[in-house]
Amino acid sequence: MQIVYEDNHIIIVSKHSGEIVQADKTGDEPLSETVKAYIKEKYNKPGNVFLGVVHRLDRPVWGLVVFAKTSKALSRLNEMFRLGEVRKTYWALVQTPPPTEEGTLTNWLVRNEQQNKSYAHDKEVPGSKKAILNYRVIGSSERYTLLEIELLTGRHHQIRCQLAHIGCPIKGDLKYGARRNNPDGSISLLSRKVDFVHPVSKIDITATAPLPDDNLWQTFK
């Protein structure tokens, strides 16, 4: 866990691939508990530590997760995420370049709970939710293209699903059509940056995640 920003009301950490944000059926210790333990020790807090989970990040994804340290911040951040007032920027490595250097993807996603997978459709279908993202090419190596993605809606596996739908699965993402897995079990998707107005102090907050300690990611430093 790497702390990127912290004050009295919020804490933003950069998680490693493989960590879960909130407890699930695996029984593995979630990032939320790690952050609670850090707060309890650093500030010598007695009893239970309050920590609000504002949003999640898929287990194999790297990067920024925002937590609320107070109930006031939690309620306001929840509303800000719901209204799209938190700007989320991702970086993704894909083996097949997209058809254009930049563009907007609009699809309707249907989530399959049993498969833990979403399917993209070009038109609205029963049970679907609209998904929108902007992308642009910001770099390339000999074999991979680096995309910067602005997420405009927050759907299940949205970036993974929409990029796969245009023939650009994320490196290592076998679930969505990548040719091979990454040795560490990650997928090459990074929650790179968040921008928002602080829910209490009203100052502008911009937090940026470090690149994963991986030779391919580091070529884009």
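Helices (H or I, at least four residues) and strands (E, at least two) are DSSP runs here, numbered from the N terminus. With that in hand, let us start with the stretch that UniProt marks out. The unreviewed entry places the feature "domain: Pseudouridine synthase RsuA/RluA-like" at residues 9–165; UniProt positions are given in the numbering used here, feature names are shortened, and annotations may be inferred rather than shown by experiment. Over residues 9–165 the chain is 20% helix and 37% strand, with 39 Å between the end C-alpha atoms.

A word on what you are looking at: this is a predicted model, in which local features need pLDDT of at least 70 and side-chain atom pairs count only at pLDDT 80 or more, while totals for chains, interfaces and linings use all residues. Residues are numbered from 1 along each chain as its sequence is written, and side-chain values use heavy atoms, with hydrogens and water left out.

Now to the interior. Buried means under 20% relative accessible area, exposed over 50%, and partly exposed in between, using a 1.4 Å probe and protein chains only. A nonpolar core is a set of buried Ala, Val, Leu, Ile, Met, Phe, Trp, Tyr and Cys residues joined through side-chain atoms within 4.5 Å. The largest such core has 28 residues, and those with the most contacts inside it are Val35, Phe67, Ile149, Ile159, Leu163, Ile170 and Leu189. Two or more residues come from each of β2 (10–15), α1 (31–42), β4 (62–68), β5 (87–94), β8 (129–140), β9 (145–151) and α3 (158–165). Helix α1 gives the most, with four residues. In soluble globular proteins, nonpolar side chains tend to be buried together.

Leu189 is a good place to look around. Contact means heavy atoms within 4.5 Å, and, not counting residues up to four places away in sequence, Leu189 touches Val61, Trp62, Tyr90, Trp91, Ala92, Ile159, Arg160, Ile170 and Trp217. Apart from the largest core lies another, of 27 residues, among them Trp91, Leu146, Phe196 and Ala209.

Helix α1 also holds a polar residue worth a glance, Ser32. Ser32 counts as buried because its relative accessibility is 8%. Beyond its neighbours within four places in sequence, Ser32 is in contact with Val21, Gln22, Leu51, Val53 and Phe67. Past this helix, in the loop between α1 and β3 (52–53), sits Asn44. Its phi is near 50 degrees, a positive value in a residue other than glycine, and Asn44 is exposed, at 68% relative accessible area. Most residues other than glycine have a negative phi, and most peptide bonds are trans.

Next comes a hairpin. Two strands pair if DSSP finds at least two bridges between them; β6 (residues 102–112) and β7 run antiparallel and are joined by five bridges. Asn112 has Lys117 in β7 as its bridge partner. Four residues lie between the strands, and in this hairpin Asn116 takes a positive phi near 50 degrees. Strand β7 (residues 117–121) has a covered face, Ser118 and Ala120, and an uncovered one, Lys117, Tyr119 and His121.

Following β7, Asp122 lies in the loop that leads to β8. Asp122 is exposed, with a relative accessible area of 56%. A polar contact is a pair of N or O atoms within 3.5 Å; within protein, one must be able to donate a hydrogen and the other to accept it, and residues adjacent in sequence count only if both atoms are side-chain atoms. The side chain of Asp122 makes such contacts with the side chains of Asn107 (3.4 Å) and His165 (2.9 Å). Asp122 and His165 are 43 residues apart along the chain, and their C-alpha atoms are separated by 9.4 Å.

The loop between β9 and α3 contains Thr153 and His157. Thr153 is buried, at 17% relative accessible area. Its side chain has a polar atom 2.9 Å from the backbone nitrogen of Ile132, and a polar contact of 2.9 Å joins it to the side chain of Gln158. His157 is buried too, at 7%, and has a positive phi near 55 degrees.

Finally, the cysteines. A disulfide is a pair of cysteine sulfur atoms within 2.5 Å, and the structure holds zero of them. The sulfur of Cys161 is 13 Å from the closest cysteine sulfur, in Cys168, too far for a bond. Cys161 is buried at 4% relative accessible area, and Cys168 is buried at 0%.
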